[in-house]
Amino acid sequence: AYYKTNYPKEHSFTITADDYGRNFPIQNNPLPTDTLRVLMIGNSFTDDATDYLYDIVLKSGINLNTCCIYKLTQGSTTLKNWEDNYKNDATKSIIRKAGNITMPITNGTIQELLSQDWDVISLQQLSTQSATFSTFSPYLDNLISYIKTDCPNKQVSLCWHMTWSLWSGYAENSPRGEEGWKSIVATAQQMQTMYGIDILIP
């Protein structure tokens, strides 16, 4: 498998499976076989990842009545921002991107939105911080704790949505180009080992 970065031609490079490790993803919690309810929490990277999900799921032959994928997004949002939203009882809305299952609560506090029968919950870091492990803690620790406390499905799978690296002209403190991607991968590996994330999306 390989993943082609979305750069101008002169900045592009190819990423192979070996670039992110053959041990990815690690599945600790089994996914259900009858229904699948997914919540993706993030920013514009999550928006991008879900743009074509409806068509992908529709054309895959999956029974739409057995699944749903919702997104909870806010532009340029970090893990710290999401923890702040939780602690401050910020009201947010989730949007269904695929599947026909309707979740009972689509507008409410983060706690209320998490307190539903999700099978998979995905998290991500802001792209400019995705290669800096020190920006993950204690915010990721706390978000995982909130999920495990609030979600009634105690076998809920945790998913980490990796961002891609940025083009070479981006801010110098951001992960850029091939070296930036390798830093993102190394950070994700460290994070997965420490936090026991079940699924990684490269």
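Which residues line the second largest cavity? In this predicted model, the lining is made up of Q124, Q125, S130, F136, W160, H161, M162, T163, I184, T187 and A188. Strand 9 (157–161) and helix 7 (177–195) are the elements that give two or more residues to this lining, and helix 7 gives the most, with three residues. Sorted by class, the lining of the second largest cavity divides into five nonpolar and six polar residues, with no charged residue present. The volume enclosed there is about 50 Å³.

This cavity belongs to a short list, since the structure holds two cavities of 30 Å³ or more. Rolling a probe the size of a water molecule over the atoms shows where empty space is left.

The largest cavity, for its part, contains about 60 Å³ of space, and the residues that line it are I41, W82, Y86, I110, L114, L123, L143, Y146 and I147. Three helices, namely helix 4 (79–87), helix 5 (110–114) and helix 6 (139–150), each supply at least two residues of that lining, and the largest share, three residues, comes from helix 6. In the lining of the largest cavity, nine residues are nonpolar, while polar and charged residues are both absent.

Taking the two linings in turn, the reader can thus follow helix 6 as the element with the largest share around the largest cavity, and then helix 7 as the element that gives the most to the lining of the second largest cavity. Charged residues are missing from the lining of the largest cavity, and they are also missing from that of the second largest cavity.

Note on methods:
Residues are numbered from 1 along each chain as its sequence is written. This is a predicted model: local features need pLDDT of at least 70, side-chain atom pairs count only at pLDDT 80 or more; totals for chains, interfaces and linings use all residues. Side-chain values use heavy atoms; hydrogens and water are left out. On a 1 Å grid over the protein atoms alone, a cavity is a set of points where a 1.4 Å probe fits but cannot get out, and a pocket is an open set with protein on both sides within 12 Å along at least five of seven lines; lining residues have an atom within 4 Å of a point. Grid points are joined across faces, edges and corners, and a volume is the space filled by probe spheres set on the points. Helices (H or I, at least four residues) and strands (E, at least two) are DSSP runs, numbered from the N terminus. Ala, Val, Leu, Ile, Met, Phe, Trp, Tyr, Cys and Pro count as nonpolar, Asp, Glu, Lys and Arg as charged, and the others, Gly among them, as polar.
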